[in-house]
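User: Please take a close look at a single part of this structure and explain how it is placed among its surroundings. A connected account would be preferred to a list.

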Amino acid sequence: MKGAAVNHAYGSAPSGIMEAPHVVLPDAKVFSKRATRLRELVLQVPPLDEFLAFMARLVQAQHQVLNEREPAWRPAADAFDQALKHRMPPLGFQALRRDVLWQQDLLAILDAVELHVGERQRPLLARLREMFPEQLDALADDVFEMRPGNETTRALLPFVAAALQVAWVRLAIGMTGVPARPTGEAKALCPCCGAAPVASVVHNERHRSGVRYLHCALCATEWHLERITCGACDTGGKLLYLTLDDEQGKPFLPVQAEACNECHSYLKIMQRELHGRADPVADDLASLALDMLLAEQDEYARSGYNPLLVMGA
């Protein structure tokens with residue numbers, strides 16, 4: 001692993017005639033693009049090929065359910081007008097966690113992956129199908145509160161998280177207005193649903209080339225955060241950028257850990273100028289070796305939350 005000072009290649013966000021949007025809602029292709037990236041990473045990261053291949057199938061199931069299943073409940077068109085007016089997350093998971101019918105999405109995801117899982121995963125699907133609604137709600141609470149669950153439920157959480165992501169991405173796609181960029185203490189929380197980010201992304205699209213966004217772990221909304229700024233404590237100028245290099249000394253993946261010497265946390269940053277399909281969730285899963293190395297050093301704590309990645313407490 002190699003560390004670099006804050007004068008990294010990312011520099012400052014460019015200024016130009018067209019100002020990049022402050023908040024970007026997801027589109028219906030978010031999961032299909034993620035599944036494509038995961039399939040690429042299966043070949044690129046052989047030690048994790050089985051794990052990444054399973055995640056690719058799970059994410060492809062998310063895409064299928066998002067685009068083919070009509071939910072039993074959708075909010076009214078003006079349901080979130082007051083929240084938008086008062087700069088509150090319109091899809092706040094704390095307020096909606098018992099209203100959104102995500103358990104139906106879970107069953108649809110289980111149906112979609114049933115023929116593609118191995119013998120080790122089949123008992124997990126069976127357990128989820130047998131659970132009472134209140135038991136599933138308890139698992140969802142673990143996901144929402146970023147808890148790892150216990151030894152008996154931990155392996156179930158990625159399936160629950162996948163369903164919750166589908167439900168909240170669907171709601172975000174259906175928004176009639178875009179929330180304002182968060183400020184103050186809420187700057188590190190999603191302006192759409194209030195969840196934590198999984199990582200940040202430096203984009204290469206024409207209308208926001210070189211601009212950095214935090215990417216929501218739940219609803220996939222993105223919001224602008226200035227570069228050389230800690231995504232956890234908003235401190236600037238005290239950051240190191242750490243990466244895993246290959247045998248030629250080049251970055252193994254388009255991923256760095258942005259480590260803050262103020263709050264001693266780190267958040268991964270994905271550079272799409274290095275790989276145009278780099279995905280905050282997929283590349284986070286593929287770069288677990290970077291998390292393991294930082295955990296061994298015990299200097300920086302992970303601040304990004306990937307609900308598809310459940311690790312023990």
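Analyst: The part examined here is helix α7 (residues 133-144), in a model that is predicted. With 12 residues at 1.5 Å a residue, helix α7 should span 16 Å, and because its end C-alpha atoms are 16 Å apart, the expected and computed values agree.

The surroundings of the helix may be considered next. Within α7, the buried residues are Leu136, Asp137, Leu139, Ala140, Asp141, Asp142, Val143 and Phe144. The packing partners of these buried residues are four other helices: α4 (93-96), α5 (102-113), α6 (122-130) and α8 (157-173). Just beyond the end of α7, Met146 adopts a positive phi of about 60°.

For context, a strand elsewhere in the chain may be described in similar terms. Strand β8 (residues 265-271) has seven of its seven residues buried, and is therefore largely enclosed by the rest of the structure. Ser265, Leu267, Ile269 and Gln271 lie on one side of β8, with Tyr266, Lys268 and Met270 on the other, so that both faces are covered. Strand β7 (residues 255-260) runs antiparallel to β8 and is joined to it by five bridges, with Gln256 opposite Ile269 of β8. Four residues separate the two strands in this hairpin, where His264 takes a positive phi near 55°. Strand β3 (residues 197-202) pairs with β8 in the parallel sense over three bridges, and Val201 stands opposite Met270. Strand β9 (residues 301-302) also pairs with β8 in the parallel sense, over two bridges; there, Arg302 is the bridge partner of Tyr266.

Definitions and conventions: Residues are numbered from 1 along each chain as its sequence is written. This is a predicted model: local features need pLDDT of at least 70, side-chain atom pairs count only at pLDDT 80 or more; totals for chains, interfaces and linings use all residues. Side-chain values use heavy atoms; hydrogens and water are left out. The expected span of a helix is 1.5 Å times one less than its number of residues. Buried means under 20% relative accessible area, exposed over 50%, partly exposed in between (1.4 Å probe, protein chains only). Contact means heavy atoms within 4.5 Å. Two strands pair if DSSP finds at least two bridges between them.
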